[in-house]
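Here's a quick briefing to read alongside the model. Have the viewer open and follow along as the topics come up.

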Amino acid sequence: MTTSTSQGPPELIDIEEFFADPEFSGASISPDGTRIAYRAPAHGRRNIWVRGIDEDHADAVCVTHDARRGITTYYWTDDPRWLLYLQDTDGNEDWHLFRVDLDAPDEPAVDLTPLAPGSRVFGAEPSAEVPGTVLVWMNQRPMFIDTFRIDVADGSTTLHLEQTEPGETVLLDRHDRPAFGARLAEDGAFEFSAIDPGTGDTRLLHRVGGAEHPMGAQPQLATPDGQGLLVGSYQDSDDLRLVRIDRETGQETVVAAVPGHSLDIKGTMAPDVLPPTVFLSRRTGEVLAARFVGDRPRIEVIDPHFAEVYARLAQLSDGVLGTLSSDESEQRWVATFLHDRDPAVAWFYDHVTGESRQLFRAYPRLDPAALAPMTAIEFPARDGLPLHALQTLPVGVEPRNLPLVLLVHGGPWSHDTWGYDPLVQFLANRGCAVLQVNFRGSTGYGKRHTTAAIGEFAAAMHDDLIDAADHLVAEGIADPARIGIMGGSYGGYAALVGVTVTPDYFAAAVDYVGISDLANFLRTLPPFTRPYNVNNWYLYVGDPEDPAQEADMLARSPLTMADRIRTPLLVAQGANDVRVVQAESDNIVASLRERGVPVEYLLAADEGHGFVNPENQIRLYRAVEQHFARHLGAYIRFAPV
């Protein structure tokens with residue numbers, strides 16, 4: 001374990017400690033409460049292990065055997081024999097659903113969804129109505145996401161519900177019957193309707209504006225009895241609330257709201273990967289609690305019985321509840337917690353006996369005292385818009401005239417949140433201040449904050465980043481001559497904008513799977529995504545099929561301004577990226593090399609939209625370390641270059 005010292009900064013922490021797979025992660029309890037499953041390394045990759053509730057890792061059985069790519073998402077079923085998981089090929093996001101036989105864990109996994117290239121599984125959910133089956137959403141028809149029922153034991157697949165138009169969503173009740181529908185109206189608004197389960201007829205209940213919901217009105221859930229629709233809505237507020245809409249009367253009832261804070265919908269963007277927006281009861285399907293955005297995420301308890309459980313869970317950690325699972329009786333619980341320096345610690349709790357015990361720490365060799373606290377700060381943009389950011393300063397060092405890395409989140413309709421980030425901790429350990437700003441367009445800070453980004457790519461959205469860095473310079477924390485910028489996806493685009501729109505501001509930049517040509521980016525997205533992009537990319541940026549809008553998009557594209565780049569640049573790209581295709585990086589690199597401008601380019605043949613395999617992550621962040629060491633001047637300390 002790396003330990004801190006009483007004087008000066010802690011020792012340099014090996015890069016592998018930050019970017020190798022966690023030793024343990026993703027714990028959940030089986031429906032019968034007798035076992036836990038979790039992710040741990042095997043065969044050089046993240047695989048799924050299962051053990052008895054009273055056993056430790058030495059007794060666990062590795063039930064998946066993927067040596068090509070790590071596994072992230074898995075599902076328990078209602079049959080203790082079977083476990084399911086999702087896997088793609090080298091990051092191409094063509095997800096398939098695989099079945100594992102827990103009675104014969106050495107047998108090869110079975111692909112339950114042998115889809116053609118370009119089709120994928122979007123999610124799976126055990127069916128309470130038909131035991132032994134799961135409902136699976138996938139686009140066998142490339143432009144339509146249909147619902148199928150799969151028999152887990154024999155693999156037989158039947159169509160359960162066909163999507164009638166691209167972008168339409170049908171929400172099912174606990175009997176797997178259509179309860180509510182959501183569709184995009186011609187004016188861009190989202191319309192929610194009640195569906196008659198017998199006839200299929202629809203009746204309009206509710207409309208919300210599209211601009212303030214760029215990623216859709218999230219969450220969208222039918223109550224277990226099918227009589228209520230739960231949805232994220234601003235109503236008459238600037239803050240996003242969890243609202244119930246009655247299917248008969250259309251009456252709106254606020255289920256959860258926190259004045260000055262918005263519902264945190266980030267978890268709906270990557271279900272089963274990010275901490276959930278709402279916690280649901282395994283026993284009843286009712287909402288137990290909801291997550292709100294704050295300096296630290298806030299958990300608002302809704303269910304009175306769960307309030308007792310939550311009070312006990314909250315005593316286990318000084319972090320914030322991250323993931324949660326229970327057995328069917330809701331006696332036994334497994335919880336993990338968000339924390340800036342001691343992340344994803346997993347705990348077991350028995351609500352009947354009161355017993356609790358730590359199951360594991362995700363990074364047992366990292367000493368929390370050697371890591372840097374993440375602190376929320378707030379300041380105004382140049383036009384007065386309040387900006388919220390997270391500041392992380394190196395441990396044991398006077399915060400004066402430090403090299404600064406401005407780390408820009410992707411999306412851009414997402415937000416940075418308090419918690420552990422291996423890149424943030426890595427840079428802080430190397431002696432950098434790190435700043436993550438929730439610029440306009442970020443979700444989680446109100447309707448006005450999100451919609452202020454319309455038409456502001458490479459304009460006010462970029463100004464917010466400059467204003468944030470200037471704030472730390474004015475505070476004396478950052479050295480204006482040693483500011484770097486880095487980001488992935490939209491964050492990579494922001495890094496490229498940084499070195500084109502403000503070519504003299506940054507001393508170094510890293511573009512990680514970033515967009516260089518907005519028009520080409522939108523043209524090359526998977527075709528099924530178009531209806532889901534109406535209220536984000538097309539509304540906020542433009543439609544490349546409209547000549548006037550395309551011209552504006554090109555004017556905001558770094559590739560168009562590449563002749564202004566003179567800042568040292570590192571570019572990283574996955575060859576199988578279906579969101580930001582390889583050409584986005586190839587073209588910006590080629591433009592620079594044609595002019596003789598030095599640029600370092602890392603291309604990973606076995607990665608997609610972000611590097612997953614540990615050896616590729618370590619290669620990338622070793623290059624990042626050396627890039628910033630060279631170009632941000634002398635670190636407090638850094639690994640030899």
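Start with the weak spot: over residues 2-6 the pLDDT stays under 50, and the model has 13 contacts beyond four places in sequence for that stretch. Keep in mind that this is a predicted model. Across the chain, pLDDT averages 95, and 98% of the residues score at least 70.

**Overall build**

- The secondary structure adds up to 12 helices and 35 strands.
- A compact globule of 641 residues would have a radius of gyration near 26 Å, and the chain's 24 Å agrees with that.
- Taken along the principal axes, the C-alpha atoms fill a box of roughly 65 × 60 × 45 Å.
- Of the 641 residues in the chain, 57% are buried.
- About 24400 Å² of the chain's surface is accessible, and carbon and sulfur atoms account for 50% of that area.
- Looking at contacts with a separation of 6 or more, 55% come from residues 24 or more positions apart.

**The open sheet E9 to E12**

- Here 4 strands line up as E9-E10-E11-E12 in an open sheet, with antiparallel pairing.
- Strand E9 (121-126) and strand E12 (157-161) sit at the edges, each pairing on one side only.
- From one strand to the next, the twist averages 30°.
- Strand E11 (residues 146-151) and E12 run antiparallel and are joined by 4 bridges.
- For a specific pair to look up, Phe148 has Leu159 in E12 as its bridge partner.
- As background, strands of a sheet pair through backbone hydrogen bonds, in either a parallel or an antiparallel sense.

**Strand E18 and its partners**

- How many of the residues of strand E18 (residues 228-233) are buried? The count is 6 of the 6, so the strand is largely enclosed by the rest of the structure.
- Side chains in a regular strand alternate between the two faces of the sheet.
- In E18, Gly228, Leu230 and Gly232 point one way, while Leu229, Val231 and Ser233 point the other way, and all are buried.
- Strand E17 (residues 220-222) pairs with E18 in the antiparallel sense, over 3 bridges.
- Within E18, Leu229 stands opposite Ala222.
- The hairpin of E17 and E18 has 5 residues between the strands, and Gly226 takes a positive phi near 75° there.
- E18 is also joined to strand E19 (residues 241-246), by 6 bridges, and the two run antiparallel.
- Across from Leu230 you'll find Arg244 in E19.

**Ala189, a buried loop residue**

- Ala189 is in the loop between strand E14 (178-184) and strand E15 (190-195).
- Is Ala189 buried or exposed? Its relative accessibility is 7%, so Ala189 counts as buried; the cut-off for that is under 20% relative accessible area.
- Setting aside neighbours within four places in sequence, Ala189 is in contact with Arg183, Leu184, Arg207, Val208, Gly209 and Gly210.
- Take Val208 from that list: Ala189 and Val208 are 19 residues apart in sequence, yet their C-alpha atoms are 5.7 Å apart in space.

**Backbone oddities**

- For context, most residues other than glycine have a negative phi, and most peptide bonds are trans.
- The peptide bond from Gln218 to Pro219 is cis, with omega near -5°. Pro219 belongs to the loop between strand E16 (202-208) and E17.
- A cis peptide bond also runs from Gly411 to Pro412, with omega near 5°. Pro412 is placed in the loop between strand E30 (402-408) and helix H4 (422-429).
- Gln235 isn't a glycine, but its phi is positive, near 50°. You'll find Gln235 in the loop between E18 and E19.
- With a relative accessible area of 29%, Gln235 is partly exposed.
- Asp272 is another residue other than glycine with a positive phi, near 70°. Its place is in the loop between helix H2 (266-269) and strand E21 (278-280).

Methods
Residues numbered from 1 in each chain as written. Predicted model: local features only at pLDDT ≥ 70, side-chain atom pairs only at ≥ 80, totals over all residues. Heavy atoms only, no water. Pairing = 2+ DSSP bridges. Axes fitted to C-alpha atoms, helices over the stretch in contact; angles between N-to-C directions. pLDDT = per-residue confidence, 0-100. Contact = heavy atoms within 4.5 Å. Buried < 20%, exposed > 50% of the residue type's maximum accessible area, 1.4 Å probe, protein only. Rg over C-alpha atoms; globule rule 2.2 N^0.38 Å. Areas by Shrake-Rupley, 256 points an atom, 1.4 Å probe, with all protein chains shown as cover.
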